[in-house]
Amino acid sequence: MRWRFTRNLGIFLFWKAIKMASLLVAISFLSFLLVKQSPIDPIQAYVGADMLNVSPEQRERIEEYWGLNEPIMEQFWSWGSAILSGDLGTSMIYRLPVSEVIGERFINSIALMSTAWVLSGIIGFSMGVLAAMKKDTWIDRIIKWYCYTLASTPTFWMGLLLLIVFAVWLNWFPVGMGVPAGVLAEDVNIMDRIKHLILPALTLSIIGVANIALHTRQKLIEVLSSDYVVFARARGEKGFTLFWRHGLRNIALPAITLQFAAFSELFGGAVLAEQVFSYPGLGQATVEAGLRGDVPLLLGLVLFSAIFVFVGNLIADIIYRVVDPRTRKEQSYAAK
Amino acid sequence: MQLSKQLNLNKRQSTLLACIVLSIIVCAVVLTGFLYDEDRIASNLEVRNAAPSFDHFFGTDWLGRDMFSRTIMGLSLSIGVGLVGAIGSASISIILGVIAATMGKVADSIVTWLIDLFLSVPHLVSLILIAFAFGGGFKGIVFGIALTHWPSLARVIRSEVMQVRSLDFVQVSRKMGKSRWWIAKEHIMPHIVPQIIVGILLLFPHAILHEAAVTFLGLGLSPHEPAIGIILSESMRYLSVGMWWLAFFPGICLLIIVRMFDKIGDNLRMLIDPHHAHR
Amino acid sequence: MSILEVDNLSVSFKQYTSGLRQHTQEVISNLSMELVSGEILAVVGASGSGKSLLAHAILGILPSNAQTSGKIRFDGEVLTTKLQEQLRGKEIALVPQSVSFLDPLMRVGAQVRTSVRKGKAKEAQKKVFERYHLKEEVENMYPFQLSGGMARRILVSTAMVSGARVIIADEPTPGLDSVVIKEALTNFREFADQGCAVMLISHDIESALQVADKVAVFYGGTVLEIAPAENFEGNGDRLQHHYSKALWRALPQNDFTCEFKN
Ligand SMILES: Nc1ncnc2c1ncn2[C@@H]1O[C@H](COP(=O)(O)OP(=O)(O)O)[C@@H](O)[C@H]1O
Ligand SMILES: [Mg+2]
């Protein structure tokens with residue numbers, strides 16, 4: 001049984017890896033074509049305001065250096081093989097290797113995203129449970145209304161509201177910047193970092209509860225009207241015991257997997273929250289790269305975000321396979 | 001609630017009523033926005049930076065422009081862009097969904113793979129990429145929305161069509177030698193058209209929100225357009241001096257409009273799908 | 001002595017039909033019957049006629065869109081929602097219709113143990129498993145791993161360990177082989193002989209008659225007649241209702257005897 005399960009998991013992971021590889025290749029290719037057809041001039045983006053001082057000969061030399069005048073397939077080929085050897089190129093705006101920029105930004109972003117992920121998961125789950133247990137009462141109506149409203153709320157606007165209330169009116173937080181301006185990165189202490197983290201994390205958490213709360217509510221309502229809960233009630237179980245024994249058991253797994261599968265929205269939210277609060281994470285780098293035409297960085301970020309989303313989905317899948325007895329013990333004793 | 005009790009309406013009838021009322025409000029906003037001309041938001045340096053008052057419900061900005069008019073124009077622009085993007089997106093969904101459901105296994109797995117492909121990068125990142133590819137502006141945002149929002153609806157259409165095709169009466173018609181086109185027209189269309197309409201309606205809220213977001217980031221509509229995203233991103237510079245109304249009202253109006261679209265779509269779905277009526 | 005009396009019970013559902021209208025559909029109407037201690041009452045009727053709903057109505061576990069009217073008395077006391085809540089699992093136990101009534105993510109041993117109201121749960125569960133020839137490892141299985149027969153036996157076990165005085169068994173026999181059916185029915189018989197009451201719901205009149213004292217013929221949401229089991233014999237001439245007679249004669253061996261006689 002044991003080895004069979006491990007083997008099946010192995011096969012499953014193998015196919016997932018193949019699929020991911022095919023998607024990554026396609027994403028690289030499509031993204032490359034897209035950025036190449038952009039009317040934004042990469043050389044101007046690189047040189048910036050000094051463009052007037054660049055003579056046509058100099059321009060030609062830069063183009064040659066970057067291989068910009070070669071056929072597009074050849075450019076893709078050399079970019080692709082560089083990536084395979086681990087070289088994502090050099091960011092034009094930060095003048096650093098793309099992998100280094102992404103690595104540093106990722107650490108900032110992961111602090112933000114994981115805080116928001118955990119908070120929104122716990123709060124959203126509890127809200128969903130509460131709403132379902134009190135279905136059709138005013139508590140349920142309020143939670144439902146609140147979640148549907150949040151689902152229609154622009155993330156960046158929520159950020160602006162928090163900024164107005166907590167940074168401008170109450171003066172509790174600085175208005176922007178991941179670290180205080182003019183301070184070297186090494187000198188920034190942990191308290192400063194946390195201080196700059198709170199508002200963007202709060203924004204993401206507030207928005208993030210909606211999905212998980214509504215899903216949990218729906219799922220728990222389903223569970224509560226299922227045959228097995230009807231039977232549990234027939235055996236005299238009720239209230240919290242009933243929820244603990246049969247409710248939680250059946251909704252926890254879907255909620256956790258949903259939360260992992262929501263990495264994509266989390267990343268999107270982080271882009272906006274980071275922009276509003278000038279938080280130096282991946283999202284802000286993506287916007288900068290897009291605005292200022294930093295092609296290597298943009299491509300690197302697209303690939304990285306795809307991997308990020310993929311990992312979330314993969315964890316969700318694996319959790320299901322490892323934890324749910326119905327998939328874990330695929331060898332059924334059923335005679336019929 | 002009270003109203004529906006007085007008129008003695010049941011849940012379905014009041015759902016229909018809500019749908020109609022909300023649609024009228026949304027249409028009113030869009031129309032007003034289009035009918036306003038540029039002078040409504042001409043700058044008036046005498047009333048710069050005014051807080052909300054009876055003259056200017058939403059206050060004025062640093063150029064003395066009336067924020068209420070700007071908001072309405074911005075909303076109708078956002079709804080317009082969202083509409084075009086959502087329709088583009090829906091077209092892609094319909095085509096790919098139908099192809100997946102009717103053209104055999106290979107086509108189906110290709111479409112499924114495409115869906116996975118477009119879901120594998122966060123929407124906002126793909127939107128930034130596509131906006132960059134088109135050099136920003138209207139075209140970039142519309143293509144961005146159209147290209148990123150189709151997968152969920154395509155999935156719905158694919159499974160709907162597959163389900164209808166396997167129904168008994170469709171199978172019988174096929175055995176009776178009716179043409180593909182006849183079957184599509186008589187059986188498949190009536191089943192999936194309502195689903196598609198609801199699907200498009202439920203695409204709107206996302207489309208509008210994403211349009212506003214990308215524009216806010218500076219990669220969407222140009223700063224000269226009176227878009228909500230532009231208004232909000234400009235407001236950021238004035239928040240620290242306490243001009244909260246610049247951000248508050250346009251944002252909440254956007255929220256209300258998006259919420260209305262969501263509600264209309266949801267209500268319609270409830271009316272179409274009898275299973276939802278029992279909730 | 002009657003333990004449970006059902007008096008003029010009706011159950012209806014609120015539903016939306018096509019279009020915008022809402023209407024109520026009555027599934028059980030004006031039903032009266034009683035359970036007597038020491039007796040097995042079989043409730044026999046076609047599937048979809050509302051037998052399960054009757055069981056659920058007695059326990060007060062109908063879905064929320066259901067409305068009931070009429071009275072149910074337990075030990076002469078009218079069952080209120082609150083009283084139902086106190087009694088179920090303790091005085092009245094249900095043997096549900098299918099495996100879907102077991103929690104899919106809980107080991108079946110644990111599910112049987114939660115039904116035990118008095119004494120040591122673990123021992124009671126072990127004993128009942130032994131009695132139903134369920135191997136020890138079944139304890140640690142999940143419902144999806146059970147065969148049909150095992151699932152039935154688990155469901156019956158939950159009622160048997162509860163110590164209730166009334167058992168309502170909703171089609172406890174389909175899917176079992178004849179030996180196990182015999183055994184399950186014998187168990188219900190023993191249970192009744194201890195002075196408890198059993199309501200045995202079934203669409204299979206034949207196996208019900210093996211142990212029942214009385215048979216309630218259920219049709220179109222109500223009980224047509226309640227006849228002593230002995231009346232189901234020969235041509236069924238002692239049965240009052242056409243439907244009951246038809247039901248009785250439809251059994252293969254009766255058909256055979258009829259033809260044989262003629
Ligand atoms: N929640 C419900 N809403 C509406 N009708 C229902 C509901 N549950 C059951 N019914 C109806 O009640 C009838 C009786 O069901 P049931 O008691 O399960 O029949 P039986 O157990 O005799 O096979 C069914 O025909 C079904 O249509
Ligand atoms: Mg039944």
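**Figure 1. Polar contacts of ligand 1 in the predicted model.** A polar side-chain atom of Ser52(C) lies 2.6 Å from an oxygen atom of ligand 1. The model is predicted. Two glycines approach the ligand through their backbone: a backbone N or O atom of Gly48(C) is 2.6 Å from a ligand oxygen atom, and a backbone N or O atom of Gly50(C) is 3.0 Å from an oxygen atom of ligand 1. Taken alone, ligand 1 exposes 570 Å², of which the protein buries 67%.

**Figure 2. The residue shell around ligand 1.** The ligand is surrounded by 13 residues, the closest being Gly48(C), Gly50(C), Lys51(C), Ser52(C) and Leu53(C). By residue class, the shell divides into 5 nonpolar, 7 polar and 1 charged. Which element supplies the largest share of the shell? H1(C) does, with 3 residues. The elements that contribute two or more residues are strand S1 (2-16) and helix H1 (51-59), both of chain C.

**Figure 3. The magnesium ion and its protein donors.** The magnesium ion is ligand 2, and its protein donors are Ser52(C), through OG, and Gln97(C), through OE1. These donors lie 2.0 to 2.4 Å from the ion. The pair links distant parts of the chain, 45 residues apart: Ser52(C) belongs to helix H1 of chain C, and Gln97(C) to the loop between S6 and helix H3 (108-113) of chain C. Are the donors buried, partly exposed or exposed? Ser52(C) has a relative accessibility of 22% and therefore counts as partly exposed. Gln97(C), at 29% relative accessibility, also counts as partly exposed. The cut-off that applies here is that buried means under 20% relative accessible area. Ser52(C) also has the polar side-chain atom placed 2.6 Å from an oxygen atom of ligand 1.

**Figure 4. Helix H1 of chain C and its surroundings.** Of the 9 residues of H1(C), 8 are buried, so the helix is largely enclosed by the rest of the structure. The buried residues are Lys51(C), Leu53(C), Leu54(C), Ala55(C), His56(C), Ala57(C), Ile58(C) and Leu59(C). Two of these, Lys51(C) and Leu53(C), are among the residues closest to ligand 1. An α-helix has 3.6 residues a turn, so residues three or four places apart point the same way. After H1(C) comes Gly60(C), which has a positive phi near 75 degrees.

**Figure 5. Strand S6 of chain C and its parallel neighbour.** Strand S6(C) covers residues 92-95, and its side chains point to two sides: Ile92(C) and Leu94(C) one way, Ala93(C) and Val95(C) the other. All four are buried. S6(C) is joined by 4 bridges to strand S7 (residues 166-170) of chain C, and the two strands run parallel. Ile92(C) has Val166(C) as its bridge partner in S7(C). The loop that holds the magnesium donor Gln97(C) lies between S6 and helix H3.

**Figure 6. Ser207 of chain C in helix H7.** Ser207(C) is located in helix H7 (residues 205-211) of chain C. Its relative accessibility is 7%, so Ser207(C) counts as buried. Ser207(C) and Ala42(C) are separated by 165 residues in sequence, and their C-alpha atoms are 9.9 Å apart in space.

**Figure 7. Helices of chain B.** Chain B has 12 helices and 0 strands. Its pattern along the sequence is α-α-α-α-α-α-α-α-α-α-α-α. Of its 279 residues, 50% are buried.

Terms used: Residues are numbered from 1 along each chain as its sequence is written. Chains are lettered from A and ligands numbered from 1 in the order in which they are written. This is a predicted model: local features need pLDDT of at least 70, side-chain atom pairs count only at pLDDT 80 or more; totals for chains, interfaces and linings use all residues. Side-chain values use heavy atoms; hydrogens and water are left out. A residue is near a molecule or strand if one of its heavy atoms lies within 4 Å of it. A polar contact is a pair of N or O atoms within 3.5 Å; within protein, one must be able to donate a hydrogen and the other to accept it, and residues adjacent in sequence count only if both atoms are side-chain atoms. Accessible areas come from the Shrake-Rupley method with a 1.4 Å probe; for residues, only the protein chains shown count as cover. Ala, Val, Leu, Ile, Met, Phe, Trp, Tyr, Cys and Pro count as nonpolar, Asp, Glu, Lys and Arg as charged, and the others, Gly among them, as polar. Buried means under 20% relative accessible area, exposed over 50%, partly exposed in between (1.4 Å probe, protein chains only). Two strands pair if DSSP finds at least two bridges between them. Donors are N, O and S atoms within 2.8 Å of the metal (3.2 Å for Na, K and Ca); water is not among the atoms, so sites may look incomplete.
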